[in-house]
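Let's take a walk through this structure together, one piece at a time. Keep the viewer open and follow along.

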Amino acid sequence: MTPELESAYRGRKLAARVAPAASGAAVVLALLPLFAVFAYVASHGARALSLTFFTEPVGVRGAGMANAIFGTIELVVLASAMGIPLGIAAGLYLAEYASTPLARAVRFSADVLAGVPSILVGVVVYAVVVVRMKQFSALAGAAALAVVMLPLVTRTTDELARAVPDSLREAALALGAPRWRTALFVVLRTAAPGIRSGCLLAVARVSGETAPLLFTAYNNRFFNESLLDPTSTLQVQIFTYTMTPNDDWHAQAWAAALVLVTLVIVLNVLARRLVAEEESG
Amino acid sequence: MNDSVDRLRARGARVEAVEASAKMSAAELSAWFGDKQALRSITLPLIERKVTAIIGPSGCGKSTFIRCLNRMHEVVAGARATGDVLLDGKSVYGADVDPVRVRRRVGMVFQKPNPFPTMSVRDNVLAGLRLSGIDPPDTDALVEEVLGQAALWDEVKDALDRPGGALSGGQQQRLCIARCLALEPEVVLMDEPCSSLDPIATAKIEELIHDLRDRYTIVVVTHSMQQAARVSDYTAFFYLGELVEYDHADVIFTKPSDPRTEDYITGRFG
Ligand SMILES: Nc1ncnc2c1ncn2[C@@H]1O[C@H](COP(=O)(O)OP(=O)(O)OP(=O)(O)O)[C@@H](O)[C@H]1O
Ligand SMILES: [Mg+2]
């Protein structure tokens, strides 16, 4: 080996040892805040957790948060049922008919919507739905969350549908498939695993949203009896309790935070497992 | 009906009753991508139940030509075509003709195998029907039949539920041929079907083309002179978007009349 080669080789060997160590350190650094948050919430929240926390609503003596837990799940499920199909349809339309004026309008509004602070979404839904129906309701809250989800789902779907190779579209068209069937049964199906994880991220994102719910689902000390009643959620209940000077309620808020974080993590893990299972066949 | 055929007649070539036996024909077909003209007034018959090979240097318009035959050309943004293409004597570009119907009668196999990767082998075979909204009654029999026609059945009969993307390249291409045959097309267009395949897979596909000619009218684009000579009954030589020469394959490969054809088939082309 020439001396130059020798030194270049030594340099590379050094780099090969330093690089993994550096990236490992970066991973630790990135995970640190996550674990710190979780550990802090867990240590404060665990103390106030009890069986009644999960079985009794806020409004009962010795209270729990069963109604808020139920409300959070209820709103996320409802919001997903509204936001995901609409978002996927819009994203697919964007990808497949990109040059039409309608597509340009949809893309523009998705971009704007993605940039709107979520509290404004709450205000708008308040004006459009709550004022008109003359009450706060689970439906209004879910609608607000759906609006927050919509641009996320739309853009993910758009991007992933675009990544589907044109050769597959051509294969379908050459088999005599109409454009819309090609979009639904070839493009959407091929992009489905990615779209599924994108949707789950959107779900995880809105399951912690508080601002859009303040003037829409509002709050409720008991279980909501119908979708047209005001509805409690963990996040709004945390907000309400922390605004009080009551130590018991602070402890309850920590416990609620722990449940919420756990819920989001469980959702993520379940989702990922689902996707992995799907992909492995 | 057409120049090149008239020229052939004038030379006393042995093209028999071409008009009567053409399943499809292009008449003064020109095609553009935006401002760029890719085909210049092509007039060419495709004889029923025969194999027509299209040869010519890269970029001469071979793919564009066959894509005009099943109206796939217009799928490309900014692409358009003038002139006409007849299928059983009727224009496929008529105002009342749905391109979807044309494509079901005129099937296409692409240069790069493009099975649907997330669908199983079985679903790939049935994809054409399902995408047209048809649920065939006896799917198992159909799958076996067309995979058999595509000389793939023995290799995949135990793997029908594996994803189409998990086959080898040659198997994927035969799967694409099976997928095309499942629609019972009348014409099959193949754009360099062997270009990504090894010699063994190529031989299988050539054999397959040979077997299919009894039932289908076949057009094969190829870069391989040997392949064109082996599989085709008629051969058309394209150059710079024009049809230079069309004749029986043996005539093209033994005594072509245009010096450009001769240069190309003898490999003297710059
Ligand atoms: N999508 C497109 N946009 C613009 N020009 C195109 C497009 N596709 C093809 N062309 C042009 O049209 C001409 C004919 O292309 P075509 O693909 O038909 O050639 P070909 O004979 O099939 O070549 P090859 O043997 O390399 O496949 C070429 O000059 C090419 O540059
Ligand atoms: Mg080509």
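What follows goes from the overall build of one chain to a helix pair, the chain contact, the ligand shell and two backbone oddities.

One thing to keep in mind from the start: this is a predicted model. Begin with chain A, whose secondary structure comes to 11 helices and 0 strands. Reading from the N terminus, the element string is just α-α-α-α-α-α-α-α-α-α-α. As for overall dimensions, the C-alpha trace of chain A spans about 80 × 60 × 35 Å along its principal axes. Its radius of gyration is 24 Å, whereas a compact globule of 281 residues would come in near 19 Å. Of those 281 residues in chain A, 39% are buried. If you look at the chain A contacts between residues at least 6 apart in sequence, 75% of them join residues at least 24 apart.

For one example of helices meeting, pull up α3 (residues 66-96) and α10 (residues 234-242) of chain A. Their axes are 7 Å apart, and the two helices pack at an angle of about 135 degrees. Angles over 145 degrees would count as roughly antiparallel and 65 to 115 as roughly perpendicular, so α3(A) is oblique to α10(A). On the α3(A) side, the contact is made by A:A68, A:I69 and A:T72, while α10(A) brings A:L234, A:Q235 and A:Q237. By residue class, that contact splits into 3 nonpolar, 3 polar and no charged.

Now swing over to where chain A touches chain B. Here 16 residues of chain A are in contact with 19 residues of chain B. Which elements of chain A give two or more residues to this side? They are α7 (166-174) and α8 (179-206). The most comes from α7(A), with 7 residues. The chain A side of the contact divides into 10 nonpolar, 3 polar and 3 charged residues.

Over in chain B, zoom in on ligand 1. The residues around it are B:F33, B:K36, B:A38, B:G56, B:S58, B:G59, B:C60, B:G61, B:K62, B:S63, B:T64 and B:V76. Two elements of chain B, β2 (36-47) and α3 (62-69), each give two or more residues to this shell. The largest share, 3 residues, comes from α3(B). The make-up of the ligand 1 shell is 4 nonpolar, 6 polar and 2 charged residues, so its class mix can be set beside that of the chain A side facing chain B, with 10 nonpolar, 3 polar and 3 charged.

Finally, a look at backbone torsions. Most residues other than glycine have a negative phi. A:K134 goes the other way, with a positive phi of about 60 degrees although it is not a glycine. You'll find A:K134 in the loop between α5 (118-133) and α6 (138-162) of chain A. B:R71 also has a positive phi of about 60 degrees, and it is not a glycine either. B:R71 sits in the loop between α3 and β4 (79-87) of chain B.

Are these two residues buried or exposed? A:K134 has 7 C-beta neighbours inside 10 Å, so it counts as exposed. B:R71 has 22 C-beta neighbours inside 10 Å, so it counts as buried. The cut-offs behind those calls are 12 or fewer for exposed and 20 or more for buried.

Key. Residues are numbered from 1 along each chain as its sequence is written. Chains are lettered from A and ligands numbered from 1 in the order in which they are written. This is a predicted model: local features need pLDDT of at least 70, side-chain atom pairs count only at pLDDT 80 or more; totals for chains, interfaces and linings use all residues. Axes are lines fitted to C-alpha atoms, for helices over the stretch in contact, and angles run from 0 to 180 degrees between N-to-C directions. Helices (H or I, at least four residues) and strands (E, at least two) are DSSP runs, numbered from the N terminus. Angles under 35 degrees count as roughly parallel, over 145 as roughly antiparallel, 65 to 115 as roughly perpendicular and the rest as oblique. Two residues are in contact if their C-beta atoms, placed from the backbone, lie within 7 Å. A residue is near a molecule or strand if its C-beta atom, placed from the backbone, lies within 6 Å of it. The radius of gyration is taken over C-alpha atoms; the globule rule is 2.2 Å times the number of residues to the power 0.38.
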